[in-house]
Every structure is written in structure tokens, then in C-alpha cells.
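Please open the structure in your viewer and keep the sequence panel beside it. This tour moves from the whole chain to single residues, with something to select at each stop.

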Amino acid sequence: MKFQPSRFFLAVFILIFAVPVLAGCSSEQEPAQPQIEAINRLRSALDLPIASLEFVEMTFDPNSPNGNLEVALYQDTDGRKYYVDPISNQVVEMDARALLDTLAPLTTSMSEEALRRKALRFMLAAMPGFETLQTRWVYEEGGKIGNHFFMWVDPQATGQSNSTHAQIALDDSGLLFAYYNTLILEK
């Protein structure tokens, strides 16, 4: 059999470029391991289950300060979505709102003070140095029927579409259904 350089180079091209694309990633995409490790650190800090993760796509986080932060989106088998900044390998958002509809209403609710303490405990665990850093930010609370929002906003960050903030969202039972943290992007 005679060596045919064109077939050889075609086979190498397919192995290097086409196979990874068909498998759902590009040959230029960074390894996902640091992103998965960041998600697992956050899940541990926020007492979330360690369910299997699947990379979904590269997308933009509309909740980022300018609404155009490119993030890697992962989803676990329970339906939680994790948005990771691929440059810093920091989780900037966890969205579990889809889980709220699947849960049976609980007969017991946590007090507002207990929810506040839980939100603070989560932020202390999720963000190194939070105890000291929080003095630079404005603390806000809000709520909608059965849902409670605890937010820290950077008043110095101006000229952006969205505030630079960190937020914990809990339902009446204390279930964490959202986490946002764009404060970490300033570091």
C-alpha cells in the first residue's frame, strides 16, 4: 500500500478538530476540571447535593454587571444550573428555581431571623474573606410570596446595567434556590 499524504493529514485533522466538536467541545476549550472543582467547592459550601454534572454550553450571564459576561453553563441531574466564569473559574450564579415547582409545600417555615442567619452562613462559607469585605457593601433584604432574598451590593460599582452584588435566595423552608456573586469578579 502506497503512503498517501493527503489521506494521512485528513485523518489527523479529523482526530484533532472534528472529533472533539462532534463530542460537544472544541479543541480550543479549556479543560473543564477547574470549573467542576469550583462548582463542587460551592456545592460543599452551600450544602448542595453532589449530583452528576453535564456541560451545557458557553453562554452569557445576563445577571453579570454588564450583562455580557461569557460563562460556562453546567447543569446537574437535579436541575440546578451553574454558571462559571472560565477566566477565574469562579461560580457566579447557581439557579435552582426549577426545583421550586417540584417540591411539595412544607408545613413548617423558618423564621425570618433563621433564614437571615442561614444566608449569612452560606455567604461566609462561599466567599473567602466575606466577613471583612462585607463592610464595604450595602446589605439589602427583600421577598416575594414564600421567597426571601439577602443581597450585598457594591455601591462603588457604577455605570453598569446590573449591580455588582452577591445574593442568596431561600424559600420559606430554607431551601437555597439561587446564588449570585459578581463581587468576586472585581478581584
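With the whole chain selected, consider that buried residues make up 38% of its 187 residues, and keep in mind that what you are looking at is a predicted model. The chain exposes about 11,000 Å², and carbon and sulfur atoms supply 57% of that area. If you now switch to a cartoon view, you can look for five helices and eight strands, which follow one another along the sequence in the pattern α-α-β-β-β-β-α-α-α-β-β-β-β. Among the contacts in the chain with a separation of 6 or more, 46% are made by residues that lie 24 or more positions apart.

**The strand β6 and its partners**

Select residues 147-153, which form strand β6 and are mostly covered, since seven of the seven residues are buried. Which residues point one way from β6, and which the other way? N147, F149, M151 and V153 point to one side, whereas H148, F150 and W152 point to the other, and all of them are buried. In a regular strand the side chains alternate between the two faces of the sheet.

Next, add residues 138-144, which are strand β5, and you will see that β5 and β6 pair in the antiparallel sense over seven bridges. One place to check this pairing is V138, whose bridge partner in β6 is V153. The hairpin of β5 and β6 has two residues between the strands, and in this hairpin G146 takes a positive phi near 80°.

Then add residues 165-171, strand β7, which also pairs with β6 in the antiparallel sense over seven bridges. Here you can look for F150, whose bridge partner in β7 is I168.

While β6 is still on the screen, pick out F149, which is found in this strand. Although F149 and A169 are 20 residues apart in sequence, they are 4.5 Å apart in space, C-alpha to C-alpha. Not counting residues up to four places away in sequence, F149 touches several others, including E140, G142, I168, A169 and F177.

**Helix α2 and a buried glutamine**

Move now to residues 33-45, helix α2, where Q35 has its place. Is Q35 buried or exposed? Q35 counts as buried because its relative accessibility is 4%, which is under the 20% cut-off. Leaving aside neighbours within four places in sequence, Q35 is in contact with A72, Y74, V84, P86 and N89.

N89 deserves a selection of its own: N89 is found in the loop between β3 (81-85) and β4, and it has a positive phi of about 55° although it is not a glycine. For another case, go to D47 in the loop between α2 and β1 (53-61), where D47 likewise has a positive phi of about 55° although it is not a glycine.

**The second largest pocket**

For the last stop, select R41, Q90, A126, P128 and I184, which lie nearest the centre of the second largest pocket among the 18 residues that line it. The elements that give two or more residues to this lining are α2, β4 (90-95), α4 (112-126) and β8 (176-181), and α2 gives the most, with four residues. If you colour the lining by class, you should find 11 nonpolar, four polar and three charged residues. The volume of this second largest pocket is about 300 Å³.

Methods: Residues are numbered from 1 along each chain as its sequence is written. This is a predicted model: local features need pLDDT of at least 70, side-chain atom pairs count only at pLDDT 80 or more; totals for chains, interfaces and linings use all residues. Side-chain values use heavy atoms; hydrogens and water are left out. Buried means under 20% relative accessible area, exposed over 50%, partly exposed in between (1.4 Å probe, protein chains only). Contact means heavy atoms within 4.5 Å. Two strands pair if DSSP finds at least two bridges between them. Accessible areas come from the Shrake-Rupley method with a 1.4 Å probe; for residues, only the protein chains shown count as cover. On a 1 Å grid over the protein atoms alone, a cavity is a set of points where a 1.4 Å probe fits but cannot get out, and a pocket is an open set with protein on both sides within 12 Å along at least five of seven lines; lining residues have an atom within 4 Å of a point. Grid points are joined across faces, edges and corners, and a volume is the space filled by probe spheres set on the points. Ala, Val, Leu, Ile, Met, Phe, Trp, Tyr, Cys and Pro count as nonpolar, Asp, Glu, Lys and Arg as charged, and the others, Gly among them, as polar.
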